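Biologist: I am still learning how to read a model like this one, and I would like a close look at how its helices pack against one another. Could you choose one helix as the starting point, follow what lies around it, and explain each term when it comes up?

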Amino acid sequence: MSASEWASGVWPDWCPGCGDFGILTALKMALAELGEDHKKFVIVSGIGCSGKIPHFVKTTGVHTLHGRAIPFATGIKLSNPELKVAVFGGDGDLLGIGMGHFVALGRRNVNILVVIHNNWVYGLTKGQAAPTLGKGVKVKSIPFPNINDPVNPMLVGMSAGYTFLARSYAYNAEHLKNMFKAGLAHNGAGILEILQPCVTWNNIMTMEWVNKNTQILQNWNPVAKTEEELVAKKQEIIKLEAMDKVPLGVLLDYSFKATMEQRLVAANEYYKDSPPAKQKIDVSGKPLPVDIEKSFGSFLV
Ligand SMILES: Cc1ncc(C[n+]2csc(CCOP(=O)(O)OP(=O)(O)O)c2C)c(N)n1
Ligand code: SF4
Ligand SMILES: [Mg+2]
């Protein structure tokens, strides 16, 4: 399928100029270049302007609840490990109400790419401060400068155990496409943070601000092959994140840690050939209870 064939035909109703258009475009380009199968690619989103994205892509999509896209996606992926699953959500969705799930996914290393639309505000609900907004920053719809410290999704994700971390920019289609390609090819829990100007509510982190305050990483090798290399990389990443300019690119990529799917197979061989989605659910039209116990029974306490 070409990039344009990945369009659903539903008209994207984001504000003109919104960074979300760049995200949609780069995603379709990446899916086309990766040769993904639209019958096997699933998008799960929360609620927010970002959460609308499944409607615009010609694939299976679930527009779930605010903050709950990750548990939905985890259920889909573990029920049918053959599917490629990506979560799309806002900075409020994934790092505010959904933060507990965000941390849990890293610990579990489920093979899901989490895409964060970081516009520093709650776009859909008229511009309140999101968890990524810097302390002292006053965007136009808040009455006083923000009094909270921001969270850094790369550093939270790194300590939670995500095995792929990347950051890109919504208006740099080529860079973002390449980050999507790397993230979707990764086997394990990954984060792609996308700086996404909200032209309606965020008058500070504009296109000009992003151009001035970011830099594309040069000569950085994100791959760690051993625990020792990983420890050293993590220390370097903390330094990268402390630079004056926000780094764009793949920050971390390692695959020696078992994914959740591999851990389930190790604990219960039955899961490999009979995850819940492959079990019979009816015989001659009569429903049959899925034998969850056989797949996940070894985890019961
Ligand atoms: C449980 C729940 N709480 C609050 C809301 C209201 N709400 C809808 S979207 C949103 C925040 C959207 O901000 P963000 O997640 O950053 O997405 P964006 O619109 O910026 O893409 C909130 C608070 C909701 N729908 N459900
Ligand atoms: S409110 Fe902001 S994030 Fe939402 S569609 Fe408009 S520009 Fe985009
Ligand atoms: Mg937001």
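Modeller: In this predicted model, let us start from helix α5, residues 153–160, which packs with helix α8, residues 227–241, at an angle of about 170°, the two axes being 10 Å apart. That angle makes α5 roughly antiparallel to α8, where under 35 degrees counts as roughly parallel, over 145 as roughly antiparallel, 65 to 115 as roughly perpendicular and the rest as oblique. The axes are lines fitted to C-alpha atoms, for helices over the stretch in contact, and the angles run from 0 to 180 degrees between N-to-C directions. Helices (H or I, at least four residues) and strands (E, at least two) are DSSP runs, numbered from the N terminus.

The crossing of α5 and α8 is left-handed (the near helix is turned anticlockwise from the far one by less than a right angle, whereas clockwise would make it right-handed). On the α5 side, M154, L155 and M158 take part, and they meet K234, I237, I238 and E241 in α8. Sorted by class, this contact of α5 with α8 has 5 nonpolar, no polar and 2 charged residues (Ala, Val, Leu, Ile, Met, Phe, Trp, Tyr, Cys and Pro count as nonpolar, Asp, Glu, Lys and Arg as charged, and the others, Gly among them, as polar). Contact here means heavy atoms within 4.5 Å.

Helix α5 also packs with helix α4, residues 99–108, at an angle of about 45° and with the axes 7 Å apart, and α4 and α5 are therefore oblique to each other. In this contact, M99, F102, V103, G106 and R107 of α4 meet P153, V156, G157 and A160 of α5. The residues of the contact of α4 with α5 divide into 6 nonpolar, 2 polar and 1 charged.

One of those residues, P153, lies in α5 and deserves a closer look. P153 is buried, because its relative accessible area is 3% (buried means under 20%, exposed over 50% and partly exposed in between, with a 1.4 Å probe and protein chains only). Not counting residues up to four places away in sequence, P153 touches L95, F102, I116, T132, I191 and E193. P153 and D91 are 62 residues apart in sequence, yet their C-alpha atoms are 8.8 Å apart in space.

D91 leads us on to the magnesium ion, ligand 3, whose protein donors are D91 (OD), N119 (OD1) and V121 (O), lying 2.1 to 2.2 Å from it. Donors are N, O and S atoms within 2.8 Å of the metal (3.2 Å for Na, K and Ca), and the site may look incomplete, as water is not among the atoms. Along the chain, the donors of this magnesium ion follow the spacing D-x27-N-x1-V, and both N119 and V121 are buried.

Going back to α4, we find N109 in the loop between α4 and β4 (112–118). Most residues other than glycine have a negative phi, but phi of N109 is near 50°, a positive value. N109 is buried, since its relative accessible area is 0%. N219, in the loop between β9 (214–216) and α8, has a positive phi too, near 55°, but N219 is exposed, with a relative accessible area of 84%.

N109 is among the residues in contact with G188, along with V110, N111, I112, T163 and T259, leaving aside neighbours within four places in sequence. G188 lies in the loop between α6 and β8 (190–195), and at 3% relative accessibility it counts as buried.

That loop brings us to helix α6, residues 173–185, whose axis comes within 8 Å of that of helix α1, residues 20–34, and crosses it at roughly 55°. That makes α1 oblique to α6, and α1 passes α6 in a right-handed crossing.

Finally, a note on how to read all this. Residues are numbered from 1 along each chain as its sequence is written, and chains are lettered from A and ligands numbered from 1 in the order in which they are written. Local features need pLDDT of at least 70 and side-chain atom pairs count only at pLDDT 80 or more, while totals for chains, interfaces and linings use all residues, and side-chain values use heavy atoms, with hydrogens and water left out.
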